[in-house]
Amino acid sequence: MKRLLKTKILIPIALCAVFLSTTAFKNDFFEIAKQIEIFTTLFKELNMNYVDETNPGDLMDTAIKSMLDDLDPYTRFMNEQDVEAARINNTGDYTGIGAKVMTKKDKLVIIEPYKDYPADKAGLKAGDEIIKVGDVMVSDYKDDAGNLLKGPSGSSINVTFTRNNETKSATIQRAEVDIKAVPHFSMVNEHTGYIVLSKFNSKASAETNYALRDLKAQGATRIILDLRGNPGGLLNEAVNVVNLFVPKGQLVVTTKSKVKKYNRQYFTQKEPLDTEIPLVVLIDGSSASASEIVSGTLQDLDRAVIVGSRSFGKGLVQRPKRLTYGTQVKITISRYYTPSGRCIQSLDYWNRNDKGEAVRVKQENYNEFKTKNGRKVFDGGGIFPDVTFGKTKNSTITKAIIQSNLIFDFATDYYYKHPDQDIVNFKLTDIDFNDFKTYMEKNNFSFTTDTEKALFKAYDTSVKENLNDDIESDYNALISGLKASKNKAIDAHRDFILKMLTEDIVKRYTYREGLYDYYKTHDEYIKKSTQILGNTMTYMDYLR
């Protein structure tokens with residue numbers, strides 16, 4: 001009787017209490033309960049009666065991810081491994097071999113060894129392909145092979161890897177790894193300090209604070225803060241970084257949501273470090289979220305000149321919610337707004353076009369806002385620099401080239417062909433660019449444009465309707481023309497491709513730390529920023 005009471009009465013009551021205590025469930029309780037019951041019965045019948053064996057875990061994983069894909073890219077389910085990865089990203093601490101690793105089907109590729117950490121000390125280099133960890137062949141390992149490299153600090157692991165078509169082995173002693181939010185800071189010249197802030201983990205503001213103090217002690221009277229490529233992170237750390245340059249009590253960002261408790265305003269909480277030092281902030285198309293809060297707020301307050309290209313435009317706030325068995329769901333709960341009232345978000349995932357794609361606000365529909373000094377700024381997604389320097393090339397072809405990993409592979413090949421390369425004066429030429437195009441051809445680089453897909457679909461339909469004899473020659477001519485256009489598109493993106501190649505190659509010789517030193521001499525963004533900061537009138541003119 002007690003068991004019946006628990007099963008039939010107490011559990012449903014408890015579930016109802018949980019549902020009804022949540023705002024969203026209050027309004028749609030019946031519809032939600034109905035859909036859950038439909039899904040539960042469907043899932044049960046499918047697993048009991050389907051003609052072949054099914055894996056309930058895989059089916060549920062697919063169902064959950066497909067459901068969330070219909071919302072936005074940031075609302076997602078996180079299994080135990082995802083939760084641990086998020087913890088590492090937020091804290092910057094983990095135990096391992098100290099290298100960025102890419103998992104492939106039959107190997108683990110070292111993307112970047114961190115200087116003076118275990119993988120580096122064991123002699124591993126970017127491009128090394130680990131094929132065996134201990135006694136386990138990576139190709140035979142069914143789960144995420146990256147887990148094979150994990151283990152307690154001080155423990156050792158033997159790895160077998162290939163390098164430049166030669167098989168080698170090494171013993172790596174795992175250690176605590178501290179991923180810095182500020183991987184580099186130094187003086188560009190006797191008056192200008194340079195700080196690279198690469199992510200907003202829990203150490204971001206403390207490390208930026210330390211870097212700023214150190215540079216001021218070295219004589220810095222102006223600062224370049226580099227947020228290029230920074231994908232964001234913790235909101236409170238973004239507020240704290242802004243707080244280094246603006247007074248206590250200043251509004252930094254507002255979040256707006258349909259859930260009342262998520263409607264918040266975030267103000268600076270501490271006394272600033274320096275409210276007067278001239279400041280330039282660098283951004284690009286990969287500067288997102290917290291990076292956009294920092295750059296957008298400093299722009300709205302006329303506290304910094306923003307240099308670079310339009311930022312990514314991620315203005316959606318996520319919050320993790322714990323589920324059972326160590327899993328979580330990260331849910332988009334609100335939108336960011338800068339002090340002037342601008343919404344940072346660029347893509348509308350809730351009003352998609354006919355293809356189901358998120359749409360960007362058209363320029364004619366941008367809304368105008370005013371900075372503290374009355375300068376015009378606009379919404380429409382992302383932060384528009386005060387000084388637009390270059391343009392982020394994020395076309396279909398550049399995405400395809402990056403995703404193919406051919407830039408990484410070419411850099412590895414280049415490194416072993418030029419062991420004594422002078423990096424101080426390093427600069428790729430048209431000959432190198434043509435070599436890269438030849439390299440792409442040898443490695444069968446190809447990608448299909450939306451235009452080609454549409455043409456193929458039309459031609460395929462003509463075949464089914466027996467009309468292809470009349471249009472085949474025209475179709476082939478169009479495809480040939482598109483191929484020529486794609487080749488021209490690669491040439492049109494020459495500067496962007498050479499920049500990506502240069503960065504990867506320089507890191508091969510000097511690690512990431514050396515790349516930042518290379519930037520100080522060769523990077524056009526930094527040269528422009530130094531020029532702006534070097535002339536007080538020019539700097540102030542941008543902020544008036």
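Author: In this predicted model, S155 sits in the loop that runs between β6 (136-137) and β7 (156-163).

Reader: Why is S155 called buried or exposed?

Author: The relative accessibility of S155 is 18%. Buried means under 20%, and therefore S155 counts as buried.

Reader: What does the side chain of S155 reach, and what makes this a polar contact?

Author: The side chain of S155 reaches the backbone oxygen of P152 at 2.6 Å. A polar contact requires a pair of N or O atoms within 3.5 Å, and the 2.6 Å found for S155 and P152 satisfies that limit.

Reader: How do you know whether N49 is buried or exposed?

Author: N49, which lies in helix α2, has a relative accessibility of 52%. Exposed means over 50%, so N49 counts as exposed. The side chain of N49 also makes a polar contact with the side chain of E45, at 2.8 Å.

Reader: Where is V51, and why is V51 called buried or exposed?

Author: V51 belongs to the loop between α2 (23-49) and α3 (56-69). Its relative accessible area is 72%; since exposed means over 50%, V51 is exposed. V51 also helps to make a nonpolar surface patch of about 470 Å², together with L42, L46, Y50 and L59.

Reader: Which residues form the positive surface patch, and what makes it positive?

Author: The patch is formed by K261, R264, R319 and K321. Lys and Arg count as positive, and therefore the patch of these residues is called positive. One of them, K261, is found in the loop between β13 (251-256) and β14 (264-267). With 60% relative accessibility, K261 counts as exposed.

Technical notes:
Residues are numbered from 1 along each chain as its sequence is written. This is a predicted model: local features need pLDDT of at least 70, side-chain atom pairs count only at pLDDT 80 or more; totals for chains, interfaces and linings use all residues. Side-chain values use heavy atoms; hydrogens and water are left out. Patches are made of residues with over 30% relative accessible area and no salt bridge: like charges are joined within 9 Å, nonpolar side chains (Val, Leu, Ile, Met, Phe, Trp, Tyr) within 5 Å. Accessible areas come from the Shrake-Rupley method with a 1.4 Å probe; for residues, only the protein chains shown count as cover. A salt bridge is a side-chain nitrogen of Lys or Arg within 4 Å of a carboxyl oxygen of Asp or Glu. The place of a charge is taken as NZ of Lys, CZ of Arg, CG of Asp or CD of Glu. Helices (H or I, at least four residues) and strands (E, at least two) are DSSP runs, numbered from the N terminus. Buried means under 20% relative accessible area, exposed over 50%, partly exposed in between (1.4 Å probe, protein chains only). A polar contact is a pair of N or O atoms within 3.5 Å; within protein, one must be able to donate a hydrogen and the other to accept it, and residues adjacent in sequence count only if both atoms are side-chain atoms.
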